[in-house]
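Please consider the strand pairing in the model shown here, and then the nonpolar core.

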Amino acid sequence: MAETHGKPVPVPTRETLPFWEGCRRGELMIQRCGECRHFQFFPRLYCSRCMSERVEWVRASGGAEVSSFTIVRRPVSAAFAADTPYVVALVRLDEGPTMMTNIVGCSPESVRIGMAVEAVFERLTDEISLPQFRPRSG
Ligand SMILES: [Zn+2]
């Protein structure tokens, strides 16, 4: 991990580079197995269902549903103090995989399980934008 303003910044690896390049473009990239068509996140060099190495990158719709969440009121470190309260959530992507993320663009108290959300990207550095989710518009 690198840092910016005291916050950790992800460092892309061979497995995750296409994901982070997608985030930089404003596209949520996940993997699909070329054999069994299973979608997966986080990125791996093989399919987590059938172990095939024929995994390909596809752009996800960006749509998801909140499946679990918590409101963080005590910062994990001083760098996050100004962000509290904030929401850490598990969201289920329309394609199936689950991601851990933040829910933004609404008050923490308005977040609900089952809430429809969509991906947005927060630029941290020239290389890294973080995927987050906000209430789905429309
Ligand atoms: Zn597979």
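In this predicted model, R32 stands opposite F39 of β4. The pairing concerned is that of β4 with strand β3, residues 29-33, which is antiparallel and extends over two bridges. These two strands belong to an open sheet of three, ordered β4-β3-β5, with antiparallel pairing. Its edges are formed by β4 (39-40) and β5 (55-59), each of which pairs on one side only. In general, the strands of a sheet are paired through backbone hydrogen bonds, in either a parallel or an antiparallel sense.

Further along the chain, β9 and strand β10 (residues 129-135) run antiparallel and are joined by seven bridges. The connection from β9 to β10 is a hairpin of five residues. Within this pairing, V117 has P135 of β10 as its bridge partner.

V117 also leads to the largest nonpolar core. This core holds 13 residues, and those touching the most other members are V91, I103, V117 and F133. Two or more residues are contributed by each of β6 (63-72), β7 (86-93) and β9 (116-123). The largest share, four residues, is that of β7. Nonpolar side chains in soluble globular proteins tend to be buried together.

Which residues are in contact with V91, once its neighbours within four places in sequence are left aside? They are A64, E65, V66, S67, T98, M99, T101, V117 and F133. Among these contacts of V91 are V117 and F133, which are likewise named with V91 and I103 as the core residues that touch the most other members.

Terms used. Residues are numbered from 1 along each chain as its sequence is written. This is a predicted model: local features need pLDDT of at least 70, side-chain atom pairs count only at pLDDT 80 or more; totals for chains, interfaces and linings use all residues. A nonpolar core is a set of buried Ala, Val, Leu, Ile, Met, Phe, Trp, Tyr and Cys residues joined through C-beta atoms within 7 Å. A residue is buried if 20 or more other C-beta atoms lie within 10 Å of its own, exposed if 12 or fewer, and partly exposed in between; C-beta atoms are placed from the backbone. Two residues are in contact if their C-beta atoms, placed from the backbone, lie within 7 Å. Two strands pair if DSSP finds at least two bridges between them.
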